[in-house]
Every structure is written in C-alpha cells, then in structure tokens.
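The following exercises are to be worked through with the structure in view. Each task is followed by a solution in steps.

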Amino acid sequence: MRGLRTAAAVAAAAALAAGASAGVASAAGTGTSGAGACQPGTLKVTTTDAGESQAGMNHAGTYLRMENVGKSTCTISGYPGLALEGAGHTAIKTTARHGDTYFAKDPGEHPVTLKPGKSAYADLVWTHTGANTAHAKYLQVSPRGGNGHNVLPFDREVDNGTLSVTAWSAKLPTP
C-alpha cells in the first residue's frame, strides 16, 4: 500500500510539474518555437562597437552583445547580471539599475529566441563625474543573472559603482 501511495505521489508531482512547465512556456509568449532556456556555457558576452558613440553630459555607454555559441536554439529573457572588478580582479561594490538608460528605452523583459550564432543586445550606461569613483578594470556579465558569467576588459571610471542596463533584446535598444 505504501508503494502505491508513493507511486501516486510521484505521478501527481510529475503531472503538476508538467502543468507548471506548460504554464511557463505559454506565459513566455509565442515565437519561442519550443526552444529551451539558454544554458551556461552556450552564451558568450562581449561589448560591441555599435555603442561606442554613446557619450554626453557625463554619461558613457556601450552595448552588450550576447551570442549563442551553442549548437541548439535557446531562449533568454530578463536583464544581465553585472559586477565591476578592479585591478587584480578585486570585487567593487556595484549597483545595477534595470530599465531605461540615458541613451535607450528599455524593451522590458521578454523572451528572445537565439538560433546558434545569433545575438541579443542590452544597453549599458554609467556616469563619470568623479563622484565617489570606482576605478574598474573588468566587468563581470552574467547573461541570465546567475553565477555563470563572462569577464570583459572594462577600464572605466564609474561613479558610485552604478551601472544602468536595459533588458536583453533581439536588436539594439534605441532612444
């Protein structure tokens, strides 16, 4: 009898998980073609020259480019996780603000489907007035806000260690 209850509980849990997964997939919207979430090790983040002209009123910015370097189509949404590092890769207290930046409107969280070799973009902006300046040498970027991250060269002066960033989008965020 006990084995039967255990089997019934396992079956109920599996049915609940399947229903929850279906709810998440349908809530993610159409156009994902059933692609699963992008996994650590399948995403490579770099900066792109497209954003190098972002400068004005003590603001500077660049675009983050996240490429699917895996062999399967996958989906991502949300905001990149960010952390500044100093010389010798020492941690710098970092505040990441999600939403509109000085140079671009935030597209908001939405699923972005990435075929192998395709990229998503986020606008990254900071100020450099000299107010409580963090002397960054590197930038950690976590594509999904988790522990897996890329470390990029980032020799910048960043006021208060504060960065503004838009959500990932299939195209460059625009004003």
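**Exercise 1: A strand and its partner**

Strand β1 and strand β5 (residues 74–76) run parallel and are joined by two bridges. Helices (H or I, at least four residues) and strands (E, at least two) are DSSP runs, numbered from the N terminus. The model is a predicted one, in which local features need pLDDT of at least 70, side-chain atom pairs count only at pLDDT 80 or more, and totals for chains, interfaces and linings use all residues. Residues are numbered from 1 along each chain as its sequence is written, and side-chain values use heavy atoms, with hydrogens and water left out.

Task: Determine which residue of β5 stands opposite alanine 37, and place the two strands in their sheet.

Solution.
1. The residue opposite alanine 37 is threonine 75 in β5.
2. Two strands count as paired if DSSP finds at least two bridges between them.
3. The open sheet holds three strands in the order β1-β5-β9, and its pairing is mixed.
4. Its edge strands, each pairing on one side only, are β1 (36–37) and β9 (112–114).
5. In general, strands of a sheet pair through backbone hydrogen bonds, either parallel or antiparallel.

**Exercise 2: Glycine 36**

Task: State whether glycine 36 is buried, exposed or partly exposed, and describe its surroundings.

Solution.
1. Glycine 36 belongs to strand β1.
2. Buried means under 20% relative accessible area, exposed over 50%, and partly exposed in between (1.4 Å probe, protein chains only).
3. Glycine 36 counts as partly exposed because its relative accessibility is 39%.
4. Beyond its neighbours within four places in sequence, glycine 36 is in contact (heavy atoms within 4.5 Å) with Thr73, Cys74 and Thr75.
5. Isoleucine 76 is 40 residues from glycine 36 in sequence, while their C-alpha atoms are 8.7 Å apart in space.

**Exercise 3: Glutamine 54**

Task: Decide whether glutamine 54 is buried or exposed, and identify its polar side-chain partner.

Solution.
1. Glutamine 54 is found in the loop between β2 (43–48) and β3 (55–56).
2. With a relative accessible area of 8%, glutamine 54 is buried.
3. A polar contact is a pair of N or O atoms within 3.5 Å; within protein, one must be able to donate a hydrogen and the other to accept it, and residues adjacent in sequence count only if both atoms are side-chain atoms.
4. The side chains of glutamine 54 and aspartate 123 form such a contact, at 2.7 Å.
5. Outside its neighbours within four places in sequence, the contacts of glutamine 54 include Tyr63, Phe103 and Val125.
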